[in-house]
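Here is a short tour for anyone meeting this structure for the first time. Take a moment to turn the model around before reading on.

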Amino acid sequence: TRGPGEQKLEVDRRRIRAAAKANAAVYAKSGACVGILLDRTDTKDFISAGRAMQRVWLTATHGRLSLG
């Protein structure tokens with residue numbers, strides 16, 4: 001039998017697979033995808049990544065494109 005930790009891990013894996021499948025369907029219909037990659041995971045790095053994403057979103061909106 002599996003312990004509680006192993007059961008939780010299996011549930012997490014199922015959720016990840018389900019999310020990946022749903023995302024793949026959305027990405028297949030998209031003209032492009034945007035991603036922000038981080039070298040580090042300090043709080044300030046996440047804030048900088050959020051600001052970068054905001055600039056991308058605002059630039060796209062200014063060009064009459066939509067992100068969703």
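A residue is called buried under 20% relative accessible area, exposed over 50%, and partly exposed in between. Val-34, at 44% relative accessibility, therefore counts as partly exposed. Please keep in mind that this is a predicted model.

**The overall picture**

What does the chain have in the way of helices and strands? There are two helices and zero strands. The radius of gyration is 17 Å, whereas the globule rule gives 11 Å for 68 residues, so the chain is more spread out than a compact globule. Along its principal axes, the C-alpha trace spans about 55 × 35 × 15 Å. Of the 68 residues in the chain, 7% are buried. The chain exposes about 6,400 Å², and carbon and sulfur atoms supply 57% of that area.

**Between the helices**

Let us return to Val-34. This residue sits in the loop between helix H1, which covers 4-29, and helix H2, which covers 43-62. Val-34 also helps to make a nonpolar surface patch of about 380 Å², together with Ile-36, Leu-38, Phe-46 and Val-56. A member of such a patch must have over 30% relative accessible area, and Val-34 has 44%.

**Charges and their partners**

Now for the charged side chains. The chain has 13 positive and 6 negative ones, and the centres of the two sets lie 10 Å apart. Side chains of opposite charge can pair when their charged atoms come close. How many salt bridges does a search of the whole structure find? The search finds four, and the table below shows some of them.

| Pair | Closest N and O atoms |
|---|---|
| Asp-12 and Lys-8 | 3.0 Å |
| Glu-10 and Arg-13 | 3.8 Å |
| Asp-45 and Arg-40 | 3.2 Å |

Start with Asp-12 and Lys-8, whose side chains meet in a salt bridge. These two residues are four residues apart in helix H1, so about one helical turn separates them. Is Asp-12 buried or partly exposed? With 26% relative accessibility, Asp-12 counts as partly exposed. Its partner Lys-8 reaches 53% and so counts as exposed.

Glu-10 and Arg-13 are also in helix H1, but three residues apart, which again puts about one helical turn between them. Arg-13 has a relative accessible area of 40%, so this residue is partly exposed. The pair does not stand alone: Glu-10, Arg-13 and Arg-14 are linked in a network of salt bridges.

The last pair in the table joins Asp-45 to Arg-40. Asp-45 has 11% relative accessibility, so this residue counts as buried. Arg-40, on the other side of the bridge, has 48% and counts as partly exposed.

**After the second helix**

One more residue is worth a look. Where is Arg-64 found? Arg-64 lies in the segment after H2. Although Arg-64 is not a glycine, this residue has a positive phi of about 65°. Its relative accessibility is 78%, so Arg-64 counts as exposed.

**Putting it together**

To look back, the chain has two helices and is more spread out than a compact globule. A nonpolar surface patch includes Val-34, which lies in the loop between H1 and H2. Among the salt bridges, Asp-12 with Lys-8 belongs to helix H1, while Asp-45 pairs with Arg-40.

Terms used:
Residues are numbered from 1 along each chain as its sequence is written. This is a predicted model: local features need pLDDT of at least 70, side-chain atom pairs count only at pLDDT 80 or more; totals for chains, interfaces and linings use all residues. Side-chain values use heavy atoms; hydrogens and water are left out. Patches are made of residues with over 30% relative accessible area and no salt bridge: like charges are joined within 9 Å, nonpolar side chains (Val, Leu, Ile, Met, Phe, Trp, Tyr) within 5 Å. Accessible areas come from the Shrake-Rupley method with a 1.4 Å probe; for residues, only the protein chains shown count as cover. Buried means under 20% relative accessible area, exposed over 50%, partly exposed in between (1.4 Å probe, protein chains only). The radius of gyration is taken over C-alpha atoms; the globule rule is 2.2 Å times the number of residues to the power 0.38. Lys and Arg count as positive and Asp and Glu as negative; His and the chain ends are not counted. The place of a charge is taken as NZ of Lys, CZ of Arg, CG of Asp or CD of Glu.
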